[in-house]
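The following exercises are to be worked through with the sequence and the coordinates side by side. Each task is followed by a solution that goes step by step.

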Amino acid sequence: MEYHIDELISEEKINSRIIELAKQIDEDYAGKELHLVVILKGSVFFACELAKRITIPVTMDFMAVSSYGNGMVSAGEITVKKELDEDICDKEVLIVEDILDSGVTLYNLKVLLSARSPKSLKIITLLDKKGNHETDIEADYVGFDIPNQFVIGYGLDYAQKHRNLPYIGVVVAD
Ligand code: PRP
C-alpha cells in the first residue's frame, strides 16, 4: 500500500504533556517510590521521556505480552513473551503503555499483575482511543484522547516501522 503520514500530535505537544503528567505523578506519589512496568515495545520511547521528568525515586522493569480477544474477555487470555525481572509484590506499580485501544491487553495485564500483590497498581498511557474500548478498563493517566485512526510514531509502529518518528502521525492511504 502506498501511503503518507500526516502529523497528528507534534513533538512539542507531546513533550509539554509529558512534563504535566510527570508533575502529576510526583504529586500523587509524593514520599513514595514508583516502579514503572514498561510494556514492550511501543511504550519505550514514552517511558524514557516520562521517567526522566519524574523526580521521586523510580525503578523500571520491562515486559512483553501478546493478548487475544474480541470483546469476550476473560482473565488468562494473555501470553507473556518476556517476563518481568523483578517481583512487584508490595511495590507502587505504574504500568506504562503507548496506546489503549480495545483495552484487551491492559485488561488482561491488570488481572495478571494484580494477582502478584502490588501495593498499588495504576496505568498510564500516552494515547487513549476511548471510542474503541471493548473492555471495562480505564487508564489512571492519559496523555491524549485520540480518534479511531491508525497512528504511528513515538514508539508506535506500522509493520515494525516508524517507531522512531518523534511525533504521532496518522497513516493515510494514497
Ligand atoms: C499495542 C500497544 C498495546 C496494545 C493496545 O501493542 O502497545 O500493548 O497494542 O491494544 P489493545 O488495547 O487493543 O489491546 P502491540 O501488540 O502492537 O505491540 P508493540 O508495542 O510491540 O508494537
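**Exercise 1.** Which residues form one aromatic cluster?

*Solution.* The model is a predicted one, in which local features need pLDDT of at least 70 and side-chain atom pairs count only at pLDDT 80 or more, while totals for chains, interfaces and linings use all residues. Residues are numbered from 1 along each chain as its sequence is written, and side-chain values use heavy atoms, with hydrogens and water left out.

Step one is the pairing rule: rings of Phe, Tyr and Trp (its six-membered ring) pair if their centres lie within 6.5 Å, and planes under 30 degrees apart count as stacked, over 60 as edge-to-face and the rest as tilted. By this rule there are two aromatic pairs.

Step two takes tyrosine 3 and tyrosine 158, which are edge-to-face because their ring centres are 5.1 Å apart and their planes stand at 80°. This pair links distant parts of the chain, 155 residues apart, with tyrosine 3 in strand E1 (residues 3-9) and tyrosine 158 in the loop between strand E8 (151-152) and strand E9 (168-173). Strands here are DSSP runs of E with at least two residues, and helices are runs of H or I with at least four, numbered from the N terminus.

Step three adds phenylalanine 150, which pairs edge-to-face with tyrosine 158 at 5.4 Å centre to centre and 70° between the planes. The cluster therefore consists of Tyr3, Phe150 and Tyr158.

**Exercise 2.** Determine whether tyrosine 3, tyrosine 158 and phenylalanine 150 are buried or exposed.

*Solution.* Buried means under 20% relative accessible area, exposed over 50% and partly exposed in between, with a 1.4 Å probe and protein chains only. Tyrosine 3, at 25%, is partly exposed; tyrosine 158 has 24% and falls in the class of partly exposed residues, as phenylalanine 150 does with 44%.

**Exercise 3.** Describe the order of the strands in the six-stranded open sheet, and state what packs on it.

*Solution.* The order is E4-E3-E2-E5-E6-E7, with mixed pairing, where two strands pair if DSSP finds at least two bridges between them. At the edges lie strand E4 (78-82) and strand E7 (141-145), each of which pairs on one side only.

Within the sheet, strand E2 (residues 34-39) runs parallel to strand E3 (residues 58-67), joined by six bridges, and valine 37 stands opposite aspartate 61 in E3.

Helix H2 (residues 44-53) packs on the sheet and touches E2, E3, strand E5 (92-100) and strand E6 (120-128), contact meaning heavy atoms within 4.5 Å. Helix H3 (residues 104-114) also packs on the sheet, touching E2, E3, E4, E5 and E6.

Note on methods:
Axes fitted to C-alpha atoms, helices over the stretch in contact; angles between N-to-C directions.
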